[in-house]
Amino acid sequence: MLELKDFCFTIEKDGEPVNLVDRVNLKVPAGHFMAIVGPSGCGKTTLLNTIAGLNHMSEGSIYWDGRNLEEEGDLEPAELGYVPQFSIAYDELTVDESIEAVTRLRVKTRDLDDLDLRIDRVLEETGLTEIADRQVKVLSGGQKRRLGLAMELVTDPQLLLCDEVTSGLDPRSERDIVRRLHALSRRDGRIVLSVTHSLAHLELYDSILVLHEGRVAYHGVPEGLTHYFSVADTEEIYPRLAKQPSEKWRKSWLKHGPTYFDKIMRERQKLIDAGTLALPHCKLMQETQEASEDIELDETTELIENKPAKSKRSKRRKSKIAAAPEESDLIQEAPEPIETPGFFSQYATLLGRRWKIFFRDRAQVFLQIAILLCFPCLVALFGPQGNEALRIYPDTIEMTSQDAVRNLQAIGENRAKVGGAVSGIIMFQVVLLSLMGSNNAAREVASERKIFEKEKFGGVRPLAYLFSKITFLSCMILVQSVWMAIFVEQFWPYPEAAGSTGFFDHLNFLILVNAAMTAICLGISSLMKTSEQASLLSIYLVGFQLPLSGAVLALPELVGQITRPFISAYWAWAGSIESLDNRYQAAVKTVTETPLESSSTICLYVLGIQIAVGIIASYIGIKRHQWEH
Ligand SMILES: Nc1ncnc2c1ncn2[C@@H]1O[C@H](COP(=O)(O)OP(=O)(O)OP(=O)(O)O)[C@@H](O)[C@H]1O
């Protein structure tokens with residue numbers, strides 16, 4: 001039984017508290033299918049979200065099977081299914097793969113057979129078996145809704161909440177979904193609450209809850225609706241509601257509610273008697289216990305006297321079962337409790353799914369390959385300029401002779417040219433890798449935020465999600481940076497001192513700048529509400545790298561000091577220059593007025609800190625509740 005007592009959800013509006021859900025009192029027995037209807041904006045979704053725990057209840061209490069959820073802890077993720085209005089599947093996956101991924105993320109299965117059985121069962125329950133191999137992107141609206149439903153059924157939730165799962169569907173698909181929801185409420189004592197705009201097929205529900213401005217105006221059997229509102233047709237209910245204030249409707253309902261609830265329970269008993277509603281053992285016992293809370297034990301207890309009774313409570317439950325043998329035929333075994341898989345299992349599933357989605361998205365693969373091949377080519381074009389030999393001063397220079405002055409001038413020009421080319425090539429590599437980093441991560445979380453919020457709600461650990469992203473992006477970073485360094489090396493051998501590790505130090509900085517930009521953009525992607533915002537901010541960030549690095553034009557000293565800590569490109573550029581042969585370093589310093597960091601270790605640390613900041617920001621953003629309906 002789900003029970004709400006004086007249940008409220010309040011927000012602050014212009015400094016005043018406003019109850020979007022106002023003192024809702026409601027009892028929904030096990031094995032029940034209830035519609036939540038009401039005019040647009042009356043608080044249907046808000047009520048559903050507050051029951052689900054997505055909105056924090058402001059006042060009142062919520063009980064599940066007699067357990068006060070505020071005091072004794074929320075429902076486990078597996079006990080609750082929430083089917084939102086939006087699609088929670090990835091377009092690139094098939095129906096079967098989508099269900100498999102969500103099962104692996106939410107259910108600790110015994111073995112592969114157990115996994116397959118579970119997937120086959122939900123495919124069958126939602127009528128998706130025939131199209132299990134079809135990609136999500138080609139599904140119709142109704143099929144997508146059924147897939148959303150299937151993805152919630154993998155845990156066998158005892159409470160299934162559906163938010164407008166029939167909106168926008170043609171009448172046939174709508175009826176099909178309502179029928180399926182109805183059938184689902186007949187299994188394992190599951191409660192199904194469905195928010196709907198449609199007043200069609202109301203006869204398929206066990207009860208209808210009519211909300212008006214967040215308040216209950218009616219909760220009873222469908223047949224009682226028109227009578228209660230004194231209208232000829234259900235279509236007239238909303239205009240009728242508008243005729244008096246919602247508080248009046250609420251008060252009037254407080255008077256009539258108990259009678260209508262009795263009717264709900266009588267109808268339910270008929271279903272049980274007719275054998276169309278089966279309840280699991282534990283549910284039946286729970287309800288029996290609730291119903292007989294105030295009744296003293298009677299002589300029927302003797303019927304079970306020979307069995308060891310653990311408590312007075314359990315004696316009562318058993319007595320009821322023993323006294324009603326005709327019901328026991330309908331009793332089902334309680335489903336096994338579902339355990340959420342561990343961190344590594346979720347991580348592996350998320351990572352495997354990410355790679356699958358990546359390779360299925362041809363446009364994305366094409367773009368990545370094009371970037372991977374073209375960007376190093378662009379840098380290589382400047383190789384010949386950087387390859388020009390650095391002239392050295394002759395041992396003896398006669399400063400007084402005209403030739404010597406000319407020689408000195410030519411050497412100076414050569415140093416400026418080579419220094420400029422070397423500095424430019426390094427900065428070009430750094431900026432292009434920054435751009436790749438931003439392209440890697442800017443949309444990574446923001447574009448799938450809704451799906452992730454849903455999965456997080458279903459028990460997926462934010463840390464497992466973050467690590468799967470870090471692993472995926474690390475592979476991209478390594479491939480891009482190593483390929484950039486090796487490819488460019490063929491056209492412009494890195495001018496390192498003989499016997500030094502200059503090239504590898506440079507490679508390190510290329511990897512780090514890509515990683516820093518990827519991590520920061522991943523942070524942006526996790527913190528922003530939309531992928532458009534995240535992309536825009538990431539592009540600005542990359543756009544500012546070159547001008548603010550000081551590689552082209554020196555910044556005013558104060559501006560440089562303030563901005564430098566945030567400019568990854570500066571640290572990778574300065575660090576790479578530090579790993580050049582001394583003569584090339586000196587040549588670069590002749591063309592740049594920007595003070596270069598003289599310790600490559602500090603450059604490494606700063607980039608490391610930027611990566612850490614990006615990852616922490618990502619974790620905060622990923623963990624933060626960003627559910628929007
Ligand atoms: N977190 C919130 N903060 C402020 N206002 C909110 C919040 N959640 C909902 N609302 C407002 O509460 C009202 C009820 O919204 P809700 O989405 O629950 O209505 P609904 O009955 O589901 O509407 P519809 O049928 O149009 O989907 C709306 O005016 C909405 O803007």
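Asp65 sits in the loop between β4 (59–64) and β5. Its backbone is a bit unusual: the phi angle is positive, about 50 degrees, although Asp65 is not a glycine. This is a predicted model, so keep that in mind for everything that follows. Is Asp65 buried or exposed? Asp65 counts as buried, because it has 20 C-beta neighbours inside 10 Å, and 20 is just the number at which a residue starts to count as buried.

The strands on either side of that loop belong to an open sheet of four, in the order β2-β1-β4-β5, with antiparallel pairing. At the edges are β2 (16–28) and β5 (67–68), each of which pairs on one side only. Strand β1 (residues 2–13) is joined to β2 by nine bridges, and the two run antiparallel. Within this part of the sheet, Glu12 stands opposite Pro17 in β2.

Now for a second residue with the same kind of backbone. Glu213 also isn't a glycine, yet it has a positive phi of about 50 degrees. Where is Glu213 found? Glu213 lies in the loop between β9 (207–212) and β10 (215–220). The two strands make a hairpin with two residues between them, and they run antiparallel, joined by five bridges. One facing pair here is Leu209 and His219, the latter in β10. Glu213 counts as buried because it has 20 C-beta neighbours inside 10 Å. As for β10, six of its six residues are buried, so the strand is largely enclosed by the rest of the structure.

Next, the ligand. Which residues are around it? They are Ile11, Leu20, Gly38, Ser40, Gly41, Cys42, Gly43, Lys44, Thr45, Thr46 and His197. By type, the shell divides into three nonpolar residues, seven polar ones and one charged. Helix α1 (residues 44–52) gives the largest share of the shell, with three residues.

On the annotation side, the unreviewed UniProt entry has "domain: ABC transporter" covering residues 2–238. It also gives "transmembrane region" for residues 363–383, 463–486, 506–524, 536–555 and 602–622. Here is how the domain and two of the transmembrane stretches look in the model.

| Residues | Helix | Strand | Distance between end C-alpha atoms |
|---|---|---|---|
| 2–238 | 31% | 27% | 27 Å |
| 463–486 | 100% | 0% | 34 Å |
| 506–524 | 100% | 0% | 27 Å |

So what does the helix α19 (residues 502–527) look like? Helix α19 has 26 residues and reaches 37 Å from its first C-alpha to its last, close to the 38 Å expected at 1.5 Å a residue. It is mostly covered, too: 22 of the 26 residues in α19 are buried.

Finally, the whole protein. The secondary structure adds up to 25 helices and ten strands. Of the 629 residues, 42% count as buried. Looking at contacts between residues at least 6 apart in sequence, 77% join residues at least 24 apart.

Methods: Residues numbered from 1 in each chain as written. Predicted model: local features only at pLDDT ≥ 70, side-chain atom pairs only at ≥ 80, totals over all residues. UniProt positions renumbered as here; feature names shortened; annotations may be inferred. Near = placed C-beta within 6 Å. Nonpolar A, V, L, I, M, F, W, Y, C, P; charged D, E, K, R; others polar. Buried ≥ 20, exposed ≤ 12 C-beta atoms within 10 Å, placed from the backbone. Contact = placed C-beta atoms within 7 Å. Expected span 1.5 Å × (residues − 1). Pairing = 2+ DSSP bridges.
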